[in-house]
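Q: Please look at the chain shown below. The discussion that follows asks how each description of it can be justified.

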Amino acid sequence: MEMLSNFFRLLMVLFAACGLLASPANALVEININKGNVEPLPIAVTDFLQGELGKKISDVIAADLKRSGLFAPVDRGAFIEKISNPDAAPRFEDWKVINAQALVIGRVTQEGDGRLKAEFRLWDTFAGQQMLGQQFYTQPENWRRVAHIIADAIYERITGEKGYFDTRIVYVAESGPKNARKRQLAIMDQDGANARALTNTNDIVLTPRFSPNRQEITYMSFENQQPRVYLLQLETGQREVVGNFPGMTFAPRFSPDGQRVIMSLQQDGNANIYTMDLRSRTTTRLTNTAAIDTSPSYSPDGSRIVFESDRGGKQQLYVMGADGSGQTRISFGDGSYSTPVWSPRGDLIAFTKQSGGKFSIGVMKPDGSGERILTTGFHNEGPTWAPNGRVLMFFRQNAGAGGPQLYSIDLTGYNEQLIQTQGFASDPAWSPLME
């Protein structure tokens with residue numbers, strides 16, 4: 001698969017070309033995702049013409065939309081009209097009778113220069129209006145990504161919010177017996193496809209995290225038995241050490257502007273939170289307690305930081321200013337709280353909660369109010385947000401199972417999905433939307 005920069009030299013989105021875009025004011029079908037538990041919208045996604053590749057693209061689109069929990073793709077066996085000309089208006093009555101409130105039709109062709117041309121139209125069948133139309137040019141090997149981009153466009157047009165399908169997940173791939181488990185960094189599309197290894201050593205790797213504005217990740221590795229924080233460029237594979245620190249280093253994460261890394265450094269039996277400027281490599285200490293302060297995560301605007309600390313006797317969540325000021329506890333429920341992550345929307349903080357011998361994934365507002373548990377199990381941990389702030393991914397170890405697996409869940413708590421990986425997987429981190 002080509003790297004991102006090459007992809008976008010080849011990818012061209014043509015809006016309003018050939019009359020493909022209709023006025024949004026004419027479309028009636030929509031999903032209000034702010035209402036809470038939303039009934040999935042019936043949508044028909046037809047096989048794109050022509051050939052097997054067109055069917056593959058439509059299959060990925062339908063799977064993306066279904067996995068969001070907001071759409072219910074209609075069984076293709078129920079289709080009455082067979083689309084033969086994507087440029088012509090469909091027979092709306094044939095789609096209304098099977099309750100397909102939205103309809104996606106498309107076509108895939110090969111250009112003379114070898115590029116792939118994918119085009120689609122989104123129709124509101126009950127209003128009889130075209131809602132959206134776009135076309136894309138790219139290399140044939142990028143067909144799956146085109147499908148994700150189309151699914152994002154459909155999601156945004158109907159919900160009014162950005163999609164999250166054209167994204168990737170970096171995670172720790174685990175293999176081998178439990179007492180000799182090999183862990184390496186891996187990356188995949190958000191639906192589990194196109195997985196590949198990023199490291200291939202026997203050194204322990206932990207906490208991979210994406211930069212918000214570059215194709216770069218930070219992670220921790222015990223290379224040569226020394227804990228270090230690394231930066232890894234995904235396009236080139238180039239790796240560099242952020243710095244050599246005495247003691248242990250935990251949970252590195254980028255600031256929203258990508259210019260700093262925030263982490264926890266252990267010294268003299270306690271751990272405190274530091275930031276490092278990636279340009280000057282200077283560090284600034286933000287907490288100074290005889291406790292374990294770790295797992296820091298910035299708010300989207302970079303003004304505040306949430307972290308976990310056992311300064312009160314057990315792990316709880318705290319919020320402070322970006323300069324370390326105003327450290328305030330926000331979690332007060334039963335049990336202990338860990339791995340906080342601020343939502344990209346800024347409205348919620350996700351966390352892991354341990355209580356009653358079980359581990360839960362939940363969310364609360366930045367002031368600690370409105371705590372909600374989304375899912376509970378034997379061992380759930382490590383939530384990460386989709387870039388639109390509507391879906392979380394985490395890893396789960398079931399009782400008696402051989403190893404951890406990745407799951408996603410939306411904010412309703414009802415749409416939980418297993419993400420298929422080639423082996424065991426833990427500690428996922430969701431990328432921003434690809435550019």
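A: A strand is a DSSP run of type E with at least two residues, and strands are numbered from the N terminus. Arg181 can be placed with these terms: Arg181 is found in the loop between strand E6 (168-175) and strand E7 (182-189). The model is a predicted one.

Q: How many helices and strands does the chain have?
A: The chain contains 4 helices and 29 strands.

Q: What makes the chain as compact as a globular protein of its length?
A: The radius of gyration is 23 Å, and the globule rule gives 22 Å for 435 residues; the two values are close, so the chain is as compact as a globular protein of that length. The C-alpha atoms fill a box of roughly 75 × 45 × 45 Å along the principal axes. Of the 435 residues, 56% count as buried.

Q: What share of the contacts with a separation of 6 or more comes from residues 24 or more positions apart?
A: Such residues account for 46% of these contacts.

Q: How far apart are the mean positions of the positive and negative charges?
A: The mean positions of the 44 positive and 46 negative charges are 2 Å apart.

Q: Why is Arg181 called buried?
A: Buried means under 20% relative accessible area. Arg181 has 14% relative accessibility, and therefore Arg181 counts as buried.

Q: What makes the pairing of Arg181 and Glu174 a polar contact?
A: A polar contact requires a pair of N or O atoms within 3.5 Å. The side chains of Arg181 and Glu174 make such a contact at 3.1 Å. The side chain of Arg181 also reaches the backbone oxygen of Gly402, at 3.0 Å. Beyond four places in sequence, the residues that Arg181 touches include Gly403, Pro404 and Phe424.

Q: Is Asn415 buried or exposed, and how do you know?
A: The cut-off for buried is under 20%. Asn415 stands at 14% relative accessibility, so Asn415 counts as buried. Asn415 lies in the loop between strand E27 (405-410) and strand E28 (416-419).

Q: Which backbone oxygen does the side chain of Asn415 reach at 2.8 Å?
A: The side chain of Asn415 reaches the backbone oxygen of Arg67 at that distance. A polar atom of the Asn415 side chain also lies 3.2 Å from the backbone oxygen of Ser68. Other residues in contact with Asn415, leaving aside neighbours within four places, include Gly69, Ser408 and Asp410.

Q: Why is Arg281 called partly exposed?
A: Partly exposed covers the range between buried, under 20%, and exposed, over 50%. Arg281 has a relative accessible area of 30%, so Arg281 is partly exposed. Arg281 belongs to the loop between strand E15 (270-277) and strand E16 (283-285).

Q: What is notable about phi in Arg281 and Thr207?
A: Most residues other than glycine have a negative phi. Phi of Arg281 is near 65°, a positive value in a residue other than glycine. Phi of Thr207 is near 45°, likewise positive in a residue other than glycine. Thr207 sits in strand E9 (residues 205-210), and at 14% relative accessibility Thr207 counts as buried.

Q: Is the peptide bond from Leu49 to Gln50 cis or trans?
A: Most peptide bonds are trans. The bond from Leu49 to Gln50 is cis, with omega near 10°. Gln50 is found in the loop between strand E1 (41-45) and helix H2 (51-67).

Methods: Residues are numbered from 1 along each chain as its sequence is written. This is a predicted model: local features need pLDDT of at least 70, side-chain atom pairs count only at pLDDT 80 or more; totals for chains, interfaces and linings use all residues. Side-chain values use heavy atoms; hydrogens and water are left out. The radius of gyration is taken over C-alpha atoms; the globule rule is 2.2 Å times the number of residues to the power 0.38. Buried means under 20% relative accessible area, exposed over 50%, partly exposed in between (1.4 Å probe, protein chains only). Contact means heavy atoms within 4.5 Å. Lys and Arg count as positive and Asp and Glu as negative; His and the chain ends are not counted. The place of a charge is taken as NZ of Lys, CZ of Arg, CG of Asp or CD of Glu. A polar contact is a pair of N or O atoms within 3.5 Å; within protein, one must be able to donate a hydrogen and the other to accept it, and residues adjacent in sequence count only if both atoms are side-chain atoms.
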